[in-house]
Amino acid sequence: MNTKLRIVAVVGTLIALCSAGSAFAQKRGGILKSYSIDSPASMSIHEEVTVYSLRPVMGVFNNLVLYDQHVKQNSMQSIVPELANSWTWDEDGTRLTFKLHEGVKWHDGKPFTARDVKCTWDLLQGKASERLRINPRKAWYRNLEEVTTNGDYEATFVLRRPQPAFLALLASGFSPVYPCHVSPREMRQHPIGTGPFKFGEFKPNESIKLVRNPDYWKPGRPYLDGAEYTIIRNVSTAILTFLSGKLDITFGGLTVPLTRDIINQSPQAVCELNPTNVSRNLIINPDAAPFDNPDLRRAMALSLDRQAFIDIITQGKGNVGGVMLPPPEGVWGMPAEVLHALPGYGPDVAQNRKDAQEIMRGLGYGPDKRLSLKVSTRDIPPFRDAAVVLLDQLKEIYVDAELEPIDTTQCSQRSIEKTIRWPST
C-alpha cells in the first residue's frame with residue numbers, strides 16, 4: 001500500500017536574524033533590502049498560509065490592534081491600538097467595541113470607515129457576496145456571531161460566548177483590515193491598504209517591492225523610502241548575497257552553522273537566534289485509511305524522537321514544545337510534567353518505540369510487512385530538513401516513507417482542501 005501523508009515537520013524551531021550594523025538606525029530615506037526563501041502564491045494576506053506573503057506585505061496594511069513591535073515577547077498585555085483608538089468589552093464579555101481613528105485613507109484616497117472592518121470579517125466568515133479563493137483562518141472566527149457598526153468610526157465584534165483571548169487573533173499579522181471597495185481578486189495581485197508602504201510590484205520567484213506612502217496617517221512615518229525582497233531559494237546563496245553587502249537584513253531560514261559563518265565573516269553584522277512558534281508538525285488525515293485507525297496514529301506519535309530533531313537541525317539549540325511555544329519564551333506553553341504525559345513526548349524514546357512496534361505488529365505490520373507511504377512537505381529547506389529526519393525515524397516502526405516536496409503555491413491549496421484536517425483549539 002502506498003499512502004500519502006502530509007508533514008509540516010515535528011518540532012518547534014529557532015529563527016536566526018542578522019542585519020548589517022547600521023540597518024536599524026532611524027534615518028530618513030533609503031531602501032531596506034532583504035530576501036525571501038520562498039515565493040508566495042499571491043499578495044493577499046487573508047488568502048495565504050505562510051509568512052512569505054505576510055512579512056513583505058504586512059507593511060501595506062494596518063490592523064485594528066497589533067502586538068507592540070518594541071516588546072520581544074507577545075502577550076495580551078503587549079497589544080496596542082492601531083486603526084482602533086481604543087477598545088472595550090461589555091459586562092458579559094461577548095461584545096468587543098472599537099473606536100476607530102478618523103481621517104485615515106486607503107492608498108487610493110478613499111476614506112477608511114467602520115464599514116471596512118465589517119466587510120473584512122464578513123469576508124473571512126464567508127458572509128460576503130464575494131469569496132476568498134482559499135480561507136485558511138476562517139476557523140479562527142467560529143465564535144464570532146457578527147460585526148456591527150455604529151456610524152463611521154465604531155465597530156463591534158459580537159461573540160456567541162465569552163472569549164477573552166479573541167483580541168489576540170485580531171493582533172496577529174494575519175489579521176489586517178481590507179477595503180470594502182476592492183475585490184479579493186484585485187487584492188491578490190495589487191493590494192490596497194492603509195499602511196506605511198504602498199504595494200509596488202510582485203514578480204513571482206523574483207522579487208516583491210514596496211514604496212513609501214507619503215500620505216501615511218501616522219505623522220513622520222515611515223522613515224524608509226521603500227523595501228525590496230529578493231526571492232532567493234538557496235539559503236547559502238542568500239547568505240553570500242548578504243555578506244557581499246547587497247542585502248541589509250536576513251529573512252529567517254538560517255541554520256545555526258550558517259549564522260556562525262556570518263558572524264565569522266562579517267563581525268559588524270548584528271545576529272540574534274530567537275525561538276519562534278512556527279512549529280513543524282506531523283499532520284495526519286484521520287479520515288483516510290489506514291490512518292482512520294487511532295492506534296496507527298498513536299504508534300506514529302510514539303515513534304518520534306523530538307530531541308533528535310533539535311540536535312540535528314539546530315545543533316541542540318531549542319526546546320521541545322507542544323502546539324504552543326514552550327516556556328519560558330512561550331507564555332501559553334505546557335509545563336514539562338504535562339507535556340511529558342502526551343503520547344510520544346515522554347523522555348524514554350526507546351520504550352516509546354517499543355510500544356509503537358507492538359501496536360504496529362498488532363495491526364499486521366512488521367519487519368516483513370512494512371507500511372509504504374508518501375510524506376509531502378513544502379519544498380523549502382526548513383520543512384524538507386525536518387521531513388528527512390522524520391522519514392528516518394518512521395523506519396523504526398516498520399514504515400517506509402518517500403519524500404514528496406511540493407511548491408508552496410500548490411501546497412497551501414492542497415493542505416486546506418484535501419489532505420489536512422487542522423486541529424481545533
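## A hairpin of two strands

Strand 10 and strand 11 pair in an antiparallel way, with six bridges between them. The model that shows this pairing is a predicted one. Across the pair, Lys198 is placed opposite Val211 of strand 11. Strand 10 covers residues 197–203, and strand 11 covers residues 207–212.

Three residues lie between the strands of this hairpin. Asn205 is located in that loop, between strand 10 and strand 11. Its phi is positive, about 65 degrees, although Asn205 is not a glycine. Is Asn205 buried, partly exposed or exposed? Asn205 has a relative accessible area of 46%, and partly exposed is the class between 20% and 50%, so Asn205 belongs there.

## Another positive phi

Most residues other than glycine have a negative phi. Gln315 is not a glycine either, yet its phi is positive, about 55 degrees. The residue sits in the loop that runs between helix 8 (306–313) and helix 9 (336–339). With a relative accessibility of 39%, Gln315 is counted as partly exposed.

## Two cis peptide bonds

Most peptide bonds are trans. Where does the chain have a cis bond leading into Pro222? The bond from Arg221 to Pro222 is cis, and its omega is near -5 degrees. Pro222 belongs to the loop between strand 11 and strand 12, the latter being residues 226–231.

A cis bond also joins Ala289 to Pro290, with omega near 0 degrees. Pro290 is part of the loop that connects strand 14 (281–283) with helix 7.

## Helix 7 and its cap

Helix 7 spans residues 294–302. At its N-terminal end, Asn293 acts as a cap. A side-chain oxygen of Asn293 lies 2.8 Å from the backbone nitrogen of Asp295.

Which residues of helix 7 are buried? They are Leu296, Ala299, Met300, Ala301 and Leu302. An α-helix has 3.6 residues a turn, so residues three or four places apart point the same way.

## A nonpolar patch on the surface

Val323, Met324, Val331 and Trp332 make a nonpolar surface patch of about 400 Å². One of these residues, Met324, is in the loop between helix 8 and helix 9. Gln315 is found in the loop between these helices too. Met324 has 34% relative accessibility and counts as partly exposed. A residue needs over 30% relative accessible area to belong to a patch, so Met324, at 34%, meets that cut-off.

Key. Residues are numbered from 1 along each chain as its sequence is written. This is a predicted model: local features need pLDDT of at least 70, side-chain atom pairs count only at pLDDT 80 or more; totals for chains, interfaces and linings use all residues. Side-chain values use heavy atoms; hydrogens and water are left out. Buried means under 20% relative accessible area, exposed over 50%, partly exposed in between (1.4 Å probe, protein chains only). Helices (H or I, at least four residues) and strands (E, at least two) are DSSP runs, numbered from the N terminus. A polar contact is a pair of N or O atoms within 3.5 Å; within protein, one must be able to donate a hydrogen and the other to accept it, and residues adjacent in sequence count only if both atoms are side-chain atoms. Patches are made of residues with over 30% relative accessible area and no salt bridge: like charges are joined within 9 Å, nonpolar side chains (Val, Leu, Ile, Met, Phe, Trp, Tyr) within 5 Å. Accessible areas come from the Shrake-Rupley method with a 1.4 Å probe; for residues, only the protein chains shown count as cover. A salt bridge is a side-chain nitrogen of Lys or Arg within 4 Å of a carboxyl oxygen of Asp or Glu. Two strands pair if DSSP finds at least two bridges between them.
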